[in-house]
Amino acid sequence: MSKLTKEQAESFAPDSGTLSRGRKIAKPSAYRDIGADDRAIWGTALGSSTYLSMVDLHGPAFKCSCPVKKLPCKHIMGLMLLVADDESVIESEQQPEELQQWLGKRDTAAVTKQNRKTGEVKDPEAQAKRAAKREANIDAGVEALSLFLEDVLTVGLADAGKRARDVWDNVQRRLVDAQAGGLANRVENLRELVAQGAGKTEETLAAMAQLNLLCRSWANRHTLPAEQQAHLCQLVGWKQNLAPIQPDACEEWIVLSNGRRYEYDLYSQSVWMLESGGTRFARLLHFAKASIGASLPGGYAPGCCLQGTLTFHSAWNPIRADFEGRNLLATPITADPEPIKAVANTSLVTALTNLQQQRAAFPFSDAWPLLVANLRLVSHAGQLALADDDNTVMLLDEEFRAQHKLMQLAGPRTFTLFMTTYDGQRLLPQAGLFEGIWHNLALDETGD
Amino acid sequence: MAHLLSEEMIRAAVAGLGQTADLDSLVPEHLAQLCHADNFRSGAERFLQLMTLQQLEQSIARLPAPGDAPAELPAEPEPLLTPLDQNRQAEFARLPRQQIGLQPLLACFLAARRALPDDIAIDMLRGAERGSHDLSALPGSARLRWMLSITPEWSKQLSTQSDAWIAPAQRLLCSPNDELTSDDEQVLIQTLCECRPALRAWLVRLLGRQSPAQISRFVRGCWDTAKAELRALLVQQLIGISEWLASPQGQDMQQWLRELPTERATSVRQQLALLLTGLDARTGRLDEESPLYLALSECITLKAGKAELQAPEQLTPELTALGVADTRAHANSDISKPASRLGQLVRLGGPTLWSRLLDCNADKACELLLNSRYQDELLPFILDSLFLHREGSLFKQVYQATYESDRPVYTGIIEQVAVQHVNAHSDTARWFADIMERDGLWQAATEEASAGALLAAGVRLTPATSRAWLQHFDSASFASLLLLDLASNDPAFAPHPESDDETYEQRSHRNFCQRIRTAMAFREALTQPASTMQGEHA
């Protein structure tokens, strides 16, 4: 039988509006044929028409016959809330045929995905041919990009900013044709920085330096160890079927923060986790395309302890990871905040010294985590800033949107803060321990 | 923040390499040697490489330097209003705030002397509800006041562009019996003169909870600096303490009022006339020689058992001296100027003078006026008069006449007049609530505005009245539901079980019961003791 709790059900809501509408119909009279077992929850919603709403708890995944594409829709939310609230509404454990078919398809897809993960190759010779062709394509793309960067510097950023969009589009198209989508995305970011003019000059040059470094690394990739080559391929935009990386030994992780955003029809979720009792961080990135009704995985509540298998994407830079939770749908276990505080750095300088060493070893990451205790809010040049016990002051990142929440939670007292930084200069608070309670500060823009 | 790249290098990158003669001069020597020109196909390629190396080198080596003591933020001010505990705050976050409305929400928090949860207040300060900045700051917690003190853009949104008034206003709310310090008094006087009407109304309401002597002292203190609008509000407060002014303790203040120079503002002059006439009536000074009696006797006579009314055709100096003016007294009513003059005289006279002029008791006199040829025009003035002279015994009679009147302009006139008077003084609110309870005039408190005004005045119906109230209505505004005193689990509004074949009425009733339960749970949450008095974030 389903062990879904109300809080978990609510955490799957794509936006507050759907949650509110779901709450309104979370009553027995709004559904019939409600059923649930260990795998799924289902029921027929009685709206302007009747809709079969289904939840696959292994995932979780959602399906409803209503026309709404944003899943879970209100019918599914209502159904989950109803079942979570009162199990007595469940009438049967016999899955309807439509549900069985859907679950069957999902199982087949999961097996296929697993095979792909384990690196099972059907035709090694053909694959090697394809890989060689792609490598040659990327070589050509990287060469074109290097020339473009040199060209931008020859004419100067001031003139490059005035260039027609076509010039930038052409480079991006070329990179896409060369199957180097990762580089194309970075060029788009560079174009946006150049367009912002004088205020972003240093950031623009830093982005150009990063791109150049990536191009140079690609050109010299054969001198790098296999794991670094593999990661380089990922950065360029080439997802390879690599030999599987062993799951991490640690099977208990604390969710530190959960940032969600909705942009260009895409939901994304960035979850930062901390090894329970350790000092290692892991970052999960989830994406879901809104127009096809995909939804982000729920259950990653900040301050909770999750058990499961975590696999880092790269041994070179063990930050990005995938996580298969065992208790995502069980009653959340609130993590004891004291151990988090215990592993935090006590000064900003110590934290950044460690972090800069990691940056030197792996200069391509766009977010570096740091956990610092005994911070306080101060004013620096008219802006809100963070200071530690040594009176070291660091400014908050311009991207930080929860300043008021931070002020509200922190007040004039000291606190422990989990932050990320892109360049080691500005800090982006993600979550923090305020008066013994862990609070999320990460961006939550899911289109509400 | 220092640049990662040298100034010259940045300048070269912005202007273009074509204008840069010597790349070696732009970078440290060790980098120039590392990237020898012969190893690169072009200067641009070499520059890109040099820039990348320097950027990485500097970026990775840079650490924040411990500096001088940073500019510390101010300490958190002392908490004045009791905050809700964490659990209650979470419950409040789930409430249908838009449904409740800002004014009722605020009224409940202020009546309970509770700090508004920070999430709600911050939302309002960030502009979630237009024009609500002052009102969200008024019941702000210590943390919110601290945030306001370090967030200049928020303080600028307040109508006085300063948050200095919040603490004095909260002290006034928490300890209405304590003397205001001269500093607090000065801040409040200045705020009253400068702030927007919504805040001014609340501050005056808070002042009205003080003792009559304190109110009088405050009025005298700010009279000379106050604008007409504020002076009119202050006189309304004095009308609320007429009984005290008429007593020996209030003689000094009464004398001061009578010696005030002639007021230029019509609204203040009218209010002063109402106040002084009321005082005359209480002290028996309205004899047959008094100007008001003489003026009224020219307009009202008894002929053949009926009231014969003659409206003044001219606004004479005598009438002006009595506070009569040719201004529109009731916004929606289309009353001619003579009728309005007559109405103002009737309002000033009150039931005591009506009965003397018509030679009958107050009930009969009121009935005669309501049956006269000016019956419709006089109705709002008679209503006004009942509030001013506290003649509750006639209220039901006037109430019925209003509802029986076939003039559409009188729809809601009772609510309008009641709101005006209830807002003016909290004693009037209690008096009006008593009349409603006694005479069962429930309709008057179902409207959003009148119920909101009663709520703001701190009125709450008794449990017995609340139950009786429920018998009469199956829908009402959230503000009026908040006036009720019932338990959220009271079986009186236990909903019927939901069924597939329920009628529209049954569904409406169930929704209504749900609204009452929400309202009562809201009140209970406010009145239950908080788990922590200080440090609301503990």
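What follows is a chat between a biologist and a modeller about a predicted model.

Biologist: Before we start, what ground rules apply to this predicted model?

Modeller: Residues count from 1 along each chain as its sequence is written, while chains are lettered from A and ligands numbered from 1 in the order in which they are written. Since this is a predicted model, local features need pLDDT of at least 70 and side-chain atom pairs count only at pLDDT 80 or more, though totals for chains, interfaces and linings use all residues.

Biologist: Okay, in what order do the 4 strands of the open sheet in chain A run?

Modeller: Helices (H or I, at least four residues) and strands (E, at least two) are DSSP runs, numbered from the N terminus, and two strands pair if DSSP finds at least two bridges between them. On that basis the pairing in this open sheet of chain A is antiparallel, and the order is β1-β2-β3-β4.

Biologist: Which strands stand at the edges of it?

Modeller: An edge strand has a single partner, so one side of it is left without a neighbour in the sheet. The twist averages 10° from one strand to the next, with angles running from 0 to 180 degrees between N-to-C directions and axes being lines fitted to C-alpha atoms, for helices over the stretch in contact. The edge strands of chain A are β1 (31-36) and β4 (61-64).

Biologist: Which residue of β3(A) does Trp42(A) stand opposite?

Modeller: Strands β2 (residues 40-46) and β3 (residues 50-56) of chain A pair in the antiparallel sense over 7 bridges. Opposite Trp42(A), in β3(A), stands Met54(A).

Biologist: And at about what angle to β2(A) does helix α3 of chain A run?

Modeller: Helix α3 covers residues 74-85 and lies across β1, β2, β3 and β4 of chain A. Its angle to β2(A) is about 120°.

Biologist: Where is the cis peptide bond that ends at Pro72(A)?

Modeller: Pro72(A) is found in the loop between β4 and α3 of chain A. The bond has omega near -5° and goes from Leu71(A) to Pro72(A).

Biologist: Is α5(A) roughly parallel or antiparallel to α7(A)?

Modeller: Helix α5 (residues 124-155) and helix α7 (residues 165-177) of chain A pack at an angle of about 160°, with their axes 9 Å apart. Under 35 degrees is roughly parallel, over 145 roughly antiparallel, 65 to 115 roughly perpendicular and the rest oblique. That makes the pair roughly antiparallel.

Biologist: How many nonpolar, polar and charged residues does that contact of α5(A) with α7(A) have?

Modeller: Gly141(A), Ala144(A), Leu145(A) and Phe148(A) in α5(A) meet Val171(A), Arg174(A) and Leu175(A) in α7(A); contact here needs C-beta atoms, placed from the backbone, within 7 Å. Ala, Val, Leu, Ile, Met, Phe, Trp, Tyr, Cys and Pro count as nonpolar, Asp, Glu, Lys and Arg as charged, and the others, Gly among them, as polar. The contact has 5 nonpolar, 1 polar and 1 charged.

Biologist: How many residues of chain A are in contact with chain B, and how many of chain B with chain A?

Modeller: Elements that each supply at least two residues of chain A's side include α9 (201-219), α12 (348-361) and β11 (368-380). By class that side has 23 nonpolar, 16 polar and 8 charged residues. The counts are 47 for chain A and 43 for chain B.

Biologist: Which residue of β1(B) stands opposite Ser379(A)?

Modeller: 2 bridges join β11(A) to strand β1 (residues 71-72) of chain B, and the two run antiparallel. Facing Ser379(A) in β1(B) is Ala71(B).

Biologist: Is Ala381(A) buried or exposed?

Modeller: Ala381(A) is found in the loop between β11 and β12 (383-387) of chain A, and its phi is near 50°, a positive value in a residue other than glycine. Buried takes 20 or more other C-beta atoms within 10 Å, exposed 12 or fewer, partly exposed falls in between, and the C-beta atoms are placed from the backbone. With 8 neighbours inside 10 Å, Ala381(A) counts as exposed.

Biologist: What about Ser477(B), buried or exposed?

Modeller: Ser477(B) is placed in the loop between α28 (463-472) and α29 (478-481) of chain B. Its C-alpha atom and that of Arg515(B), 38 residues apart along the chain, are separated by 9.4 Å. With 21 C-beta neighbours inside 10 Å, Ser477(B) counts as buried.

Terms used:
Contact = placed C-beta atoms within 7 Å.
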